[in-house]
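This report goes through the pockets, the nonpolar cores and a few individual residues of one protein chain. Please keep the sequence and the structure at hand while reading.

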Amino acid sequence: MTTVFTRVDEGLGEFALRPLDPDADAALLHTWVTHPKAAFWMMQDADPAQVAEEYRRIAEHPHHDAYLGLWRGSPAFLAERYDPAHVELVGLYDHQPGDVGMHFLCAPVDTPVHGFTRAVIGTVMAWLFDDPTTRRVVVEPDVRNTAVHALNAAVGFTVVGPIAKPEKDALLSVCTRAQFQAAADRAAADRAAATRTEGAPA
């Protein structure tokens with residue numbers, strides 16, 4: 001299936017996104033979304049047929065879509081994009097034109113790769129902002145998901161505040177194009193400084 005976006009990470013190489021195939025990808029997705037590390041995805045008890053059904057529903061939805069993320073050509077993460085004026089956040093926040101909602105999930109692995117999750121969220125954000133109509137990315141992770149809150153902050157999100165959703169208490173956060181670029185510039189400067197330090201004479 002044709003990729004819709006490709007990004008090369010300085011440290012980890014090529015990341016890409018392709019449209020999700022709800023039927024062909026369901027078995028793989030089932031192993032991801034039911035893993036204990038994916039508890040906040042809220043599909044722990046789903047069977048493969050239910051996973052396929054959920055992603056068929058998303059594929060058919062006019063304001064929600066899902067993509068399989070690839071790392072060096074192999075499936076490694078899941079990304080969802082939605083219009084928060086119609087999905088997830090209807091009536092729960094001050095919607096602005098150009099807002100785009102996002103979810104992402106990294107595949108569970110036995111041996112974590114340093115910087116991988118940060119590279120994934122950076123890729124997803126770069127993909128969303130590759131669309132010139134996107135002005136802000138909006139996220140609503142569970143208030144208890146502190147790991148994702150830290151990742152969101154690292155790529156430029158600012159916290160708006162807690163909101164009550166039917167399925168969870170969420171922490172609404174937003175990131176503008178300028179905030180994302182500023183965070184990327186800071187990360188690049190930090191990497192350059194670390195490289196200079198490592199190369200300095202003892």
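Which element gives the most to the lining of the largest pocket? In this predicted model, that element is β5, with 5 residues.

## The largest pocket

The largest pocket has a volume of about 1200 Å³, and its lining is made up of 44 residues, of which A38, W41, F104, L105 and C106 lie nearest the centre. Besides β5, which gives the most with its 5 residues, the elements that each supply at least two residues of this lining include α2 (48–60), β3, β4, α3 and α4 (146–154).

Sorted by class, the lining of the largest pocket consists of 26 nonpolar, 8 polar and 10 charged residues.

## The second largest pocket

About 540 Å³ of space lies in the second largest pocket, which is lined by 20 residues, with R7, D9, R118, A119 and R191 the closest to its centre. The elements β1 (5–9), α3 and α5 (177–199) each supply at least two residues of this lining, and α5 gives the most, with 6 residues.

The class counts for the lining of the second largest pocket are 11 nonpolar, 4 polar and 5 charged residues. The helix α3 therefore needs to be read in two settings, since at least two of its residues belong to the lining of the largest pocket and at least two to that of the second largest pocket, where the cut-off for a lining residue is an atom within 4 Å of a grid point.

## Nonpolar cores

In soluble globular proteins, nonpolar side chains tend to be buried together. The largest nonpolar core here has 30 residues, and M102, V124 and M125 are those with the most contacts inside it. Two or more residues of this core come from each of β2 (13–19), β3 (64–71), β4 (74–82), β5 (99–106), α3 (116–129) and β6 (136–139), and the largest share, 10 residues, comes from α3.

What does M125 touch, once residues up to four places away in sequence are not counted? The residues in question are M102, V137, V155, F157, C175 and F180. A second core of 18 residues, separate from the largest one, includes V33, M43, V51 and L78.

## The annotated segment and A26

An unreviewed UniProt entry carries the annotation "domain: Acyltransferase MbtK/IucB-like conserved", which covers residues 18–65. Over residues 18–65 the chain is 44% helix and 8% strand, and the C-alpha atoms at the two ends are 11 Å apart.

A26 lies in helix α1 (residues 26–33). Is A26 buried or exposed? Its relative accessible area is 5%, under the 20% limit, so A26 counts as buried. Leaving aside neighbours within four places in sequence, A26 is in contact with D21, P48, V51 and A52, and of these V51 is also included in the second core. A26 and Y55 are 29 residues apart in sequence, while their C-alpha atoms are 8.1 Å apart in space.

## A183 in helix α5

A183 is placed in helix α5 and, at 4% relative accessibility, counts as buried. Apart from neighbours within four places in sequence, A183 is in contact with R118, A154, V155 and G156; R118 is also one of the residues closest to the centre of the second largest pocket, and V155 is among the residues that M125 touches. Between A183 and E60, which are 123 residues apart along the chain, the C-alpha separation is 34 Å.

## Loop residues R72, E88 and E167

Although R72 is not a glycine, it has a positive phi of about 55°. R72 is found in the loop between β3 and β4, and with a relative accessible area of 55% R72 is exposed. E88, likewise a residue other than glycine, has a positive phi near 70°; E88 is placed in the loop between β4 and β5 and is partly exposed, with a relative accessible area of 27%.

E167 is found in the loop between β7 (158–164) and β8 (169–176), where it is partly exposed at a relative accessible area of 38%. Not counting residues up to four places away in sequence, E167 touches M42 and E88. The C-alpha atoms of E167 and D142, 25 residues apart along the chain, are separated by 9.5 Å.

Methods: Residues are numbered from 1 along each chain as its sequence is written. This is a predicted model: local features need pLDDT of at least 70, side-chain atom pairs count only at pLDDT 80 or more; totals for chains, interfaces and linings use all residues. Side-chain values use heavy atoms; hydrogens and water are left out. A nonpolar core is a set of buried Ala, Val, Leu, Ile, Met, Phe, Trp, Tyr and Cys residues joined through side-chain atoms within 4.5 Å. Buried means under 20% relative accessible area, exposed over 50%, partly exposed in between (1.4 Å probe, protein chains only). Contact means heavy atoms within 4.5 Å. On a 1 Å grid over the protein atoms alone, a cavity is a set of points where a 1.4 Å probe fits but cannot get out, and a pocket is an open set with protein on both sides within 12 Å along at least five of seven lines; lining residues have an atom within 4 Å of a point. Grid points are joined across faces, edges and corners, and a volume is the space filled by probe spheres set on the points. Ala, Val, Leu, Ile, Met, Phe, Trp, Tyr, Cys and Pro count as nonpolar, Asp, Glu, Lys and Arg as charged, and the others, Gly among them, as polar. UniProt positions are given in the numbering used here, feature names are shortened, and annotations may be inferred rather than shown by experiment.
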